[in-house]
Amino acid sequence: MKIIRSYDKDIDDVKVRIVNLPKNYRKTIPEIRKVENVNKFVSFEGVVRKITSSAPYVAKASFECSKCGAIVPVHSLNGKIPKPDYCPHCGAKSFKRLTEQDEITDCQVIEIQELPEGLQRQPESIKVLLLDDLVNTVYPGDKVIVNGILRKFIDLLGSSTSKASSLLLTCFFTGLSILPILLVTL
């Protein structure tokens, strides 16, 4: 029997990385873009085509309620920080952003393309958001296995003066682990 210890102290800097999934869990990039995979943990392999420079990323922001002064933390969502709808303490809807309390981490966006071997079509690609200790761990040309969560968000297209806007669902992948594919697998 395994004993699990409990601690009376919060541990803030722990990152769980799921790696070495069986190969039959991996999907192709076109497969992971399907609606049933949105907000689900999936795995795929590919080759790194592009990387951005490392940049700061606001992982969590804090807002102060204008009425009661309560601090309301908000996690970033799809790369944006949504303002709280209402104060959970008093119900007010007016807030002031406390930028000095932002929790900031490193961020990098990479583009992964399907491995071209055996394809009889143009390889597809997907953008992957890497945070914190995953930043600057891969480079263009690296063959990798990526595990993470597929996210979709809506971009409003059209000019601000136009009443009609078309909706475009854009998908990207939040990488929870990324490992190089070894040249020789046992």
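This passage describes the fold, the nonpolar cores, the aromatic pairs and selected residues of a predicted model.

Residues are numbered from 1 along each chain as its sequence is written. Because the model is predicted, local features need pLDDT of at least 70 and side-chain atom pairs count only at pLDDT 80 or more, whereas totals for chains, interfaces and linings use all residues; side-chain values use heavy atoms, with hydrogens and water left out.

The protein chain contains one helix and nine strands, where helices (H or I, at least four residues) and strands (E, at least two) are DSSP runs numbered from the N terminus. From that terminus on, the order of elements is β-α-β-β-β-β-β-β-β-β. Of the 186 residues, 30% are buried; buried means under 20% relative accessible area, exposed over 50%, and partly exposed in between (1.4 Å probe, protein chains only). The chain exposes about 12900 Å², and carbon and sulfur atoms supply 55% of this area, as computed by the Shrake-Rupley method with a 1.4 Å probe. Among contacts (heavy atoms within 4.5 Å) with a separation of 6 or more, 64% are accounted for by residues 24 or more positions apart.

Strand E3 (residues 55-65) and E4 pair in the antiparallel sense over five bridges; strands count as paired if DSSP finds at least two bridges between them. The bridge partner of Lys60 in E4 is His75. Five residues separate the two strands of this hairpin, and Gly69 in the turn has a positive phi of about 80 degrees. Side chains alternate along E4 (residues 71-75): Val72 and Val74 point to one face and are buried, while Ile71, Pro73 and His75 point to the other and are not.

In soluble globular proteins, nonpolar side chains tend to be buried together. A nonpolar core is here a set of buried Ala, Val, Leu, Ile, Met, Phe, Trp, Tyr and Cys residues joined through side-chain atoms within 4.5 Å. The largest such core has 18 residues, and Phe44, Ile112, Ile126, Val128, Val146, Phe173 and Ile178 have the most contacts inside it. Two or more residues each come from helix H1 (29-32), strand E2 (41-51), E6, E7, E8 and strand E9 (166-180). A second, separate core of nine residues includes Val74, Cys87, Ala92 and Phe95.

Rings of Phe, Tyr and Trp (its six-membered ring) pair if their centres lie within 6.5 Å; planes under 30 degrees apart count as stacked, over 60 as edge-to-face and the rest as tilted. Two aromatic pairs result from this rule. Phe44 and Phe173 are edge-to-face, at 4.9 Å centre to centre and 85 degrees between the planes. This pair links strand E2, which holds Phe44, to strand E9, which holds Phe173, 129 residues apart. Both Phe44 and Phe173 are buried. The ring centres of Phe63 and Phe95 are 6.5 Å apart with planes at 80 degrees, so this pair is also edge-to-face. Phe63 and Phe95 are both buried.

Gln108, in strand E6 (residues 103-113), is buried at 0% relative accessibility. A polar atom of its side chain lies 2.8 Å from the backbone oxygen of Thr52.

Most residues other than glycine have a negative phi. Asn20, however, has a positive phi of about 60 degrees and is exposed, with a relative accessible area of 70%. Asp132 has a positive phi of about 60 degrees and lies in the loop between strand E7 (125-131) and strand E8 (143-157); Asp132 is partly exposed, at 31% relative accessibility.

Notes. A polar contact is a pair of N or O atoms within 3.5 Å; within protein, one must be able to donate a hydrogen and the other to accept it, and residues adjacent in sequence count only if both atoms are side-chain atoms.
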